[in-house]
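Me: I have a structure to go through, and I would like the reasoning behind the labels. Please take it step by step.

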Amino acid sequence: MDESWFYLVSVAIEARGAPTVPLMIEAMQAARRGDSLTVSECLAVFAERIMDLRELLGRMTEHCTPHAFYFRIRPFLAGSKNMAEAGLPHGVLFEDGSGTEKYRQYSGGSNAQSSLIQFFDIVLGVQHRPTGVKKETVPVKLEGHAPPPRHNFIEEMRSYMPGPHRRFLEHLTSVANIRDYVEANPGNPTLATAYDECLRALSSFRDKHLQIVSRYIVIMSQESKRKLSSVSSTPPTTAAVTPSTKILDIPGTPVGLAKGEAAKKGLKGTGGTKLMPFLKQSRDETMEPATGAWSKTSSKFESFQARSRGVTPLSTPRSSSPISGFAVRSCKVNDFEDMPATRIGVGLAGDWEIDDVGGICHY
């Protein structure tokens, strides 16, 4: 159940977030024609949906225990790149009998491989730097061109995405205009507030991810160190080793990536990054484009509070809108207020259509 729930929550986040793709494409089109009201509406719904995803991520603890994830699931998510601590200093060698095989290194599973999460960053104009690199004091801007590509981990993870996803994100990078539009309209507080709310929501989502990582990896790695220390201090035995007493079968015994983390200081993500520094920097970079209209230290959203009181986007009147001055749109799958109900939503890799959503993703 633990492993199934881990994947189910991940899939639910992708499914629940998919309708934001056409939503934000509409926002970009509105920005091109100078329609600030539509851009603000779309941004308000976008922030709501990111907060929904944060709640879904928080449900990981319902049926997936930290112990099962760290010792039973995570070792198989690790790759062969930057994994010397896991016993793979050169990567992996696939023998084909030719005698000319070369070691190969591949990153393991990473949240950065999610086309949806990268979509969020690109559409909001959030830029990430290699871990440890500080923000430039004078940002480089090329008029009429997309920002120069940064050769960091997040960019590298696109090579692990399906081709249509990768090409979509590359094209989106060249046409994304929301951040520029907000900065070009400093006299519109509604627009600035809606944009900052989205950044804060995404930052809050990453905060939740950090909490999950702390509970499921950091704390469990400390337990792993204690177990390894206990095994090392146990006197050797002459008892016969049977399949039932092999070290791999002892619950909680660190193996692979967990064993390397137990023996040495420093945690690495399954993708091969320095775990906590990478995640914290990604979280901090999310708020860098904020205009300041929305407090960067605020921990609550008026829109999130409204939804918590049972006021849904579909039923929120204009006067109760999180961003006063316009009505809040729906963001259900194929159910935008001003679009035909039969409209087919455009997913990251093509067309998709669904009648309803249920289970963990029900809303």
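The exchange below deals with a predicted model and takes up helix packing, burial and the nonpolar core.

Me: Why are helix 5 and helix 7 called roughly parallel to each other?

Reply: Helix 5 (residues 115–124) and helix 7 (residues 163–175) pack at an angle of about 5°. Angles under 35 degrees count as roughly parallel, and the two helices are therefore described that way. Their axes lie 10 Å apart.

Me: Which residues make the contact, and of what class are they?

Reply: Helix 5 contributes Ser-115, Gln-118, Phe-119, Ile-122 and Val-123, while helix 7 contributes His-165, Phe-168, Leu-169, Leu-172 and Thr-173. By class, six are nonpolar, four are polar and none is charged.

Me: What makes helix 5 largely enclosed by the rest of the structure?

Reply: Buried means under 20% relative accessible area. In helix 5, 10 of the 10 residues are buried, so the helix is largely enclosed. Among them are Gln-118 and Asp-121, alongside Phe-119 and Phe-120. Helix 5 is followed by Gly-125, with a positive phi near 80°.

Me: Which residues have the most contacts inside the largest nonpolar core?

Reply: They are Met-24, Leu-43, Phe-46, Phe-119, Phe-120, Leu-124 and Ile-178, in a core of 68 residues. Helix 9 (residues 189–233) gives the most to this core, with 14 residues.

Me: What is Met-24 in contact with, leaving aside its neighbours within four places in sequence?

Reply: Met-24 is in contact with Cys-42, Leu-43, Phe-46, Phe-119, Val-123 and Ile-178. For these pairs, contact means heavy atoms within 4.5 Å.

Conventions. Residues are numbered from 1 along each chain as its sequence is written. This is a predicted model: local features need pLDDT of at least 70, side-chain atom pairs count only at pLDDT 80 or more; totals for chains, interfaces and linings use all residues. Side-chain values use heavy atoms; hydrogens and water are left out. Axes are lines fitted to C-alpha atoms, for helices over the stretch in contact, and angles run from 0 to 180 degrees between N-to-C directions. Helices (H or I, at least four residues) and strands (E, at least two) are DSSP runs, numbered from the N terminus. Angles under 35 degrees count as roughly parallel, over 145 as roughly antiparallel, 65 to 115 as roughly perpendicular and the rest as oblique. Ala, Val, Leu, Ile, Met, Phe, Trp, Tyr, Cys and Pro count as nonpolar, Asp, Glu, Lys and Arg as charged, and the others, Gly among them, as polar. A nonpolar core is a set of buried Ala, Val, Leu, Ile, Met, Phe, Trp, Tyr and Cys residues joined through side-chain atoms within 4.5 Å. Buried means under 20% relative accessible area, exposed over 50%, partly exposed in between (1.4 Å probe, protein chains only).
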